[in-house]
Structure formats: C-alpha cells, structure tokens
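Thank you all for making time this morning. I would like to walk slowly through one structure with you, so please have the picture open while I talk.

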Amino acid sequence: MTATTGLEARDIRLSPVKGRMAWYCLKDWQLQFEVSRRAPVHDVAVTVYALPRARQVEIEGQLELLVNGAPLRKFDVKLDPKLAPLFRVTSPLVAEQVLDDASGVWHFTLRKEVLGAESIRFRMSLPATDGDGQSLHSTLPDIGTPGARRRTTAWVVEANTDTEIEFETKGVQPLDSLRPPAVSGYQPRHRVIAAFSSTGGEHSIQITAKRHKPAALAGALVLQARMVSIIGQNGPVRHEVTYTLRHNGRQFLALALPKGAVLLSTLVQDRPVKPVQAGGADQLRLPLPVLNSEADFVSAKVVYETAPITWLMGQDPSGTARSAGRGAGVELTVKVHAPDGYALHHSGGGLEVGEVQADVPRSLLATLWDELPWPYWSPASGYPVAASVEFTPGGDSKVSDSDWWIESQRPDNAAAIQALTMKFNRIILPKVHFEGVSLEVAMSALDRMAAESDPEKKGVRMVVQRGSTPSTAQISLDLKDVPLIEALRYVTELAGCKYVIKTDHIVVGPLSDVGTEQYTQRYKLLLRHYLELQSKATGHKSELPPKGLVSVVDLLKAQGISFPDGANAAYDAETEALVARNTQPNLDQVEAFVEDLQRAYSSVDEWNMEEFAEKSDKGQGGADASGYYTSKMNRIIFPQVQFQGASIEEAIEFLRIKSRDFDTVERDPSRKGINLIMKSGSTPSTAQISLDLKDVPMSEALRYVTELAGMKYRIEPFAVVIVPLSDVGAEMYTRTFKVPPGFLTMNAGGTEPMDPFARRGEVPSALTRKGTALEILSSSGVSFPEGSSAVYVASTNQLIVRGTQVQLDRVEAYVESMTAEALKRMRAKLAKSSKAGILPVELDLPTAGQVLGFSGHQKAEPLVIHYVSWDWQLFRTSLLVILGALAFRLIGRDRPWMTTLFLCLLLTFVPPLLFPHLLPSCNAVLLGWLLGFGLRLLWKLLLWSTPVPSSRQIRGKEFAV
C-alpha cells in the first residue's frame, strides 16, 4: 500500500465485508497500492539409492518437490563442480537444464508450473578410487537445493552377495534398513544393508567396498546314490550306479570311473545319452537336461565293467573283491551280488549293514543251541512272513491272501517269489500224461515229477485248497518236455482253478470274483517321477521321501481313482515301486495312470514296443507266439491217415502217437511229437470221423479231423489245444493273450491314445478315466455274461480273459487285428526314430547267490570283501576236525571231563572277543575234540555193558591176552 488518505484502518474480522484489509471512510479519501507476483516456496526431499560396483557407484534417486504459495517453474540443484557433469535427470517434467561449470549448479526449467508434490528422477555413475585392487573408496555426493526452504536427504546403500561395505559417516542418522524410503519406479536389485538421513546440515558418508572372490559352488547336488554290483565266477564284474540329483542349470555331470573300467551304457532320465571324455580316459561328462523348476529331479544311470576276479579254489584260500562307492552327505545304498560256493567277509566300508547279507560266523555251541527243537511257545517274530503272488489260469500276477504291508516292506519276499517263479520255468518235465484224473491226483503227480526233474532234487511244495464247491473236473493231458509252470497252468485251466505262488510253496485254489475281491499289485514308478508328481500336487518343492512306505492315497484320489474300504496305496522309494491294494477295475486305472507318467517323461513305450515286435518276429509273443509248433506241424508228414467211424478222442490219440513216429524235425527222441490237449466243453462231440488221406502234413490232418468233429484247434507255445467250434454251453475257460504295451490306451487301430491330453513331455495333471479291459472288449462286440472277466496285466503285457469258447474266439480275432496293425505302425515309427550307436543296457539281477547290502549317509570307504572257497574251507575244516580228535587222543584221555569243559569254554568265548576271524577254525577243532570225546564215551559204554567171563567158565581152558 503506497497511500491511504482519509481512511481509517479497521479489523477485517469485525468488518461486514470479507477480505484481507479494511478501512473506514470519514471524508474525502485516497487509496494507492502496487501489485506484484508472490514468490513460490518449496521444500525438497532427496532420496538416493547407491550400489557399489567394480569401479564405480551406481546412483538412482529422486527429488520430491513440495510447492506452496505460488506455482513453481524453475529450481536449482547444486553439487560438487567435479561431479556435477555426472548428474542426469530422466524425468519428463524437465524442459530445460543448464549447468554452471564454475559453481556446479544445475538450473532446471519445468514444462509447466507445478503446485503441490512432484517427483523428479535422476541418476549418476560416481567414479570410485581403487584401493588395493580388491576394494574401492568413495564419498557420496552432497546434493544441495539452493532456493529451497527446507531440504532432507535419505541415502540407501545396496550391496551384492560378494561385496562387503564399511561406512564412515558424519552428521547423519541411521534408518531401519528393512524399511528404507522408496524411489518411484525403482526396485532395489540387491540387498539393502544400510540407510541414513540428514536434515540439511553439514554431513558426509564415505563407503569402503571390499569385493571378495567368489567361492566355487557345486553345480549339481546328488541326493541319492544306489549301486548294484554283480560278481560272477566267470567274466568281468558289472556295476550299475543310479544317481538322483538336482542341478543349477549345469550342462554336464562329471563322473570318474574306476581305473581300467569299461563303460557299457549311460542313461539320463531313462534315455540313453552319449557321454564325453574330459581329461583322462576314466573322466566322463554326462549331458544334463534343462530343468523346468526347482522341484525337478534328474536321474542318471551308469553301467560299467571292471576286471574279472580270479576265484581261487584251493591253492590260496584268500582273495579280495572291491566295490568302491563314494558319497559325502548323500543317501548311499550298495548291494553286492556274489556267487554261491564261497564264504564272504567284508569290511563294511563305513556303512550300515543291511538286512540281506552273507552269513556271519557263529560259535559251535550257539549254532547247536539254535538247532534244538524248542517247544511251540518259542518266539518266532524273527521269521519273515510269507507273501504271495496270485495267478489266474494263464499267468496273471496278483498279490493276495496275506498282509500286503508286510509283503511291501520286505523286499526279500519279492525276491523269494521271483526265485521260485524262475525255478518253475527251469524245471522241465519230460512227460506229463493224465487220463481222466482228479485235480488232487494231478497235483500229486506234478509234485512228484517236479522233485524228480529238479536238478537240486528238492522239487516244489504244492498245496491244493478245497473251496465251497470242490472241482469235479476230469483232467486229461499229454505233454512232453514242458516247463513245470506251463504244466501247472494247463492243469488249473482244465480244473477251473487258479494258483498262488508264495515265498516257499504254491497253493492251488478255486477262482474268485475279480470285480469285488481286492488284490495287491506293484508298479514300477521311478523316484523322480514320484517327486515331480508330488511337487505338482502340493504346489511346493518336494523332498526325498523317508525310508519305508509313504501313503499316496490322496494323490491317486486326485486322479479320479476310487478307494473302497480296505483299499490302500503307498510308494516305496527304496525299490521305486508303487504298491496298491484295490479291486481289479481300480488297479487297471492305476496301471493306466503309471503308463501316462512313463509316456510323458520318456520313450519307454517305444522300447517295449520294439521288444514286442522282435519277439513277434521270433515267434515269442503277439499273434505269432506259437510259430514253432506251427512250423513243426507243417513239416511232419503222415504217409497215410485213415479213420472209419472213429471218435474225436480216438483220432486225436492216433495223431499224437503218429506225430512222434514221423517227427523228423527233432533229433532228440524225448522232444519228438506234438502235445495235443482236448477240451470237450459242456456238450462233447459225438461225431463219427471217416477219413482217408495220404502224404498229408499234420496241420492239414488235424484241420480235417477237427472240422469233421465240429471243433477247432488253437496253437499255444507248448501244446495244441482242441476246443469246441461254437460251445453255447455255460462252461468257462481261461486264456491268456499277448498284447502290445499300453493296451488300455489303444483302440482297434492300435496306436491312437484314448487320453486326449496325454502329450509327450507333459505330466498329466488329472487322469481321464480310461476304459478297463472289460469295457474295451465289450465296446468291440464281445459280450461278458455273469462269471466272465477280462484283466490286463501291464507288467507282462498279458490280457487274461475268462469266458465261454465263443467269447474267447471273438477276443482272439480282436487281439490279432489290433496287434497286426500296431506292429505295422510301430515298426515304421521305430525305423524312422532309431539311432545307431546308443543302446540302453540294464542289469539283470541274479536270482541265486549271496547278497550283501549296505547303506548310510556318510562318506564310504572302499568296500573290501574277503572270500574263501567252500571246497577249500571243507578240506581245511576236515583237517582241523581230525586235528581236534587227535588232540583229544593225546591230551584229553587222562581227565576227559575237565579238559573237555575247559576247552569248550576257551574256544567258545575267547575267539569272538580277541580273534573273530579264527572262530570257524576253533569251531572245527572243538567239533573234532567232541567227536573224540563221544567215541571214548561210546567205547566205555560198550565195555561196561559187555559181561566179563567168570573163573569157572575159563578154568581148564587156554586163552590169550
């Protein structure tokens, strides 16, 4: 205000008008004033993030302007003149920026006037001084704002994982590094380690960053290692090592083979891969696949051979077999298979000894104590519980009739069942002939013939169980040179029964309803497949499961598989097996689910299909499984076949006898002829056969005979079965068909998958319910009345059908058409996709011999196994027994009781404490001593019991002493 003449100032608050100033006029007045723009007032908050690098400090920050009063168009920023040129503003609000080099002041002009809060982003690359080559020193710049009413500064320091930072500060206050102030549009790239604030006074922050050299990290982490070594009496020692590991994107897995080892095969994710050498000949590199997530596991398998072991029979009784397994902090499992005929002793290698191992030497008295016949109340908890595998006629393998948890927890039971099954295949019966006998008589005869044909002369114990309706079938059978397993299958088929293979015997019993009865089945499921599936189901990274069984009921329920009362499922990581107890339709769904996993991860179906095609070409599988008998019947020529009103039984018997007389194919007389089996059905044929043929093959003669009798014949691997042509009766038969792998996922064409989302390389998230074997055959026009059934066994690729003869004929036609088309397409596919030079090699574990098992998590030392030949040991033991008997003769005759008691105590308790390796020798010496002691007692007893002649009896006679 410049002039206020004639005006009286008043309080604006008491004035009736509104404004900022008020006057009261009493007379003439004059008011003069000048108008100018008000200066803007702004506050600045500076937030800076500093990240020390190798030779500089990267700075990202912002200027947060808070403008009051008048709008702001220009502002200034002041820095050290040497550092000012490094200051770069990246905000689009700035229209012009000018630097005063002398003063280090930046003059910024905004694109528009601002009022309120605005943020201006900036950045700098601050050079740092290099101290000793491994550390840098830098002083963070003071960013001033001339013209600002108030300024606050916040410094936030980041550091990467290999940089250690120290601070020297002045005039600043520390802030919580867990809640640092934020910069709009910037996310910290590393860990925030410190934060400071200043209110505008004099301050400084000096940082010293020391960069450490990175330490070497393992590119691959082995979580589990399993090693199997097979030591044979002849040939090299074979080893198979399987690793379960994770890696951080590493390209190769480094392995070192033992010196002089020969590599046989390498597989990664169950697919053969080509290894490369790095360094020496024993240094290998296996290519690793790219992982999709942290939950992915990689399975790597290496099969190699080492030099053969010379088993010394008698000259030098000691030797060493080495199987080295190395591991630090991983779950290590080692199994060594050694032949019989040698006593094995091992060092353990620092690992825990498993349940299955070679016999440990024991004292003689302890062995005799265990062999005493104790009463029935003696504890027997240490004996293994027998498991069982059930076979319907034709070969279906199911586990039943015992606690499935006990069976699944005992790998030795599965091995015992497998060994007994192999024994059934090895025992060849030279002749099996039954004529109208009952099931009990036939089984008794098989038991006797098995004992006679067994190379070990032990045979197999077979038990017949009577059901509520005992079998009344009359069994007629004539076979030659047939395995015991096939003879048993034919007998059970003719009797309408099934057989169950247990760990030490076989049980034959009546068939049961497969639709409601629960079975136990084991499926091969790799550990990495289980872990991947578990990770996808839970949504987080999965870990290795503990030892024993882990329930997977919820996992399978999520795939649409139902579990009625009494059903269960678990996964055994040690044997990589999924064990499920359920009804047969639900087990079919479990099989289909496991097949989907295998198809999604690997090309195992192609390998199985290739093997199936090779067997079909050789007459071992598929529709051509009985090619040997077909060719043999075509080459047997009958000079004359003449029947006049003969029955079908008489004609078949004539052909059976003549096939042996005119068989020029076989040189061995015991293998001549054709095994013919006739199944009469519910309505036996009463046709009278009249026939006159000359120079006709047996196949044609059999065809004419069966046509005239209203029957037909079926060629099987070990016999030719004559069945009714169209048996409309209710009698049921069981037959096994060999089908391609993945039968449940094929249609009649043989290759189209029934699951539309089962693509290779993708794990199915949920299981679309696939048709069971019964549903697939029903949709193809095969009817299944009450009592009939159809079961598909994925482990053996067998389709087992029980029904009338008409149903079996329709199933046979369907399987033949599907198999032929599948083989045709798969051969074409394999011809295009096969690679030369890379073949998978798997170890076939021996069914006999000794097994040493070891496990642990510590680093294992080389496993040293000492062996002694049983022949040498027997010879040496015999010498020691004779030595013990001679020692009693020389020493123990005077005071036999005292010396025998002293020697028993000495040789029983001292060697286990001081000389454990001498315990067998001490047992042999003690046995000889006890034999001498027993002979002396027997001699004394004979002398005591023999009467001495009296003086009267010998008076007057001569006798010599």
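Let me begin with a small question: in β9, which residue is the bridge partner of Thr129? The partner is His137, and before I place that pair in its surroundings I should say that what we are looking at is a predicted model. Strand β8 is joined by two bridges to β9, which covers residues 135-139, and the two strands run antiparallel. Both belong to an open sheet of four strands, whose order is β8-β9-β14-β11 and whose pairing is antiparallel. Because β8, at residues 129-130, and β11, at residues 163-170, stand at the edges with a single partner strand each, one side of each has no neighbour in the sheet. As a general reminder, strands of a sheet pair through backbone hydrogen bonds, and they may do so in a parallel or an antiparallel way.

Let me step back to the whole chain for a moment. The chain holds 18 helices and 46 strands, and of its 961 residues 44% count as buried. If we take the contacts between residues at least 6 apart in sequence, 73% of them join residues at least 24 apart.

Another strand to look at is β33, residues 518-524, where five of the seven residues are buried, so the strand is largely enclosed by the rest of the structure. Seven bridges join β33 to β36, which spans residues 577-583, and these two run antiparallel; within this pair, Lys524 stands opposite Ala577 of β36.

Now to the helices. How do the axes of α11, residues 648-661, and α12, residues 698-708, cross? They come within 11 Å and cross at roughly 175 degrees, and the two helices are therefore roughly antiparallel to each other. On the α11 side the contact is made by Ile648, Ala651, Ile652, Leu655 and Ser659, and on the α12 side by Met698, Ala701, Leu702 and Val705. Sorted by character, the residues of this contact are eight nonpolar, one polar and no charged.

Staying with α12, the buried residues there are Met698, Ser699, Ala701, Leu702, Val705 and Thr706. Seen down the axis of α12, these buried residues fall within an arc of 160 degrees, so they line one face of the helix. The general background is that an α-helix has 3.6 residues a turn, so residues three or four places apart point the same way. Finally, just after α12, Gly710 takes a positive phi of about 70 degrees.

Technical notes:
Residues are numbered from 1 along each chain as its sequence is written. This is a predicted model: local features need pLDDT of at least 70, side-chain atom pairs count only at pLDDT 80 or more; totals for chains, interfaces and linings use all residues. Side-chain values use heavy atoms; hydrogens and water are left out. Two strands pair if DSSP finds at least two bridges between them. Axes are lines fitted to C-alpha atoms, for helices over the stretch in contact, and angles run from 0 to 180 degrees between N-to-C directions. Angles under 35 degrees count as roughly parallel, over 145 as roughly antiparallel, 65 to 115 as roughly perpendicular and the rest as oblique. Contact means heavy atoms within 4.5 Å. Ala, Val, Leu, Ile, Met, Phe, Trp, Tyr, Cys and Pro count as nonpolar, Asp, Glu, Lys and Arg as charged, and the others, Gly among them, as polar. Buried means under 20% relative accessible area, exposed over 50%, partly exposed in between (1.4 Å probe, protein chains only). The arc is that of the directions from the helix axis to the C-beta atoms.
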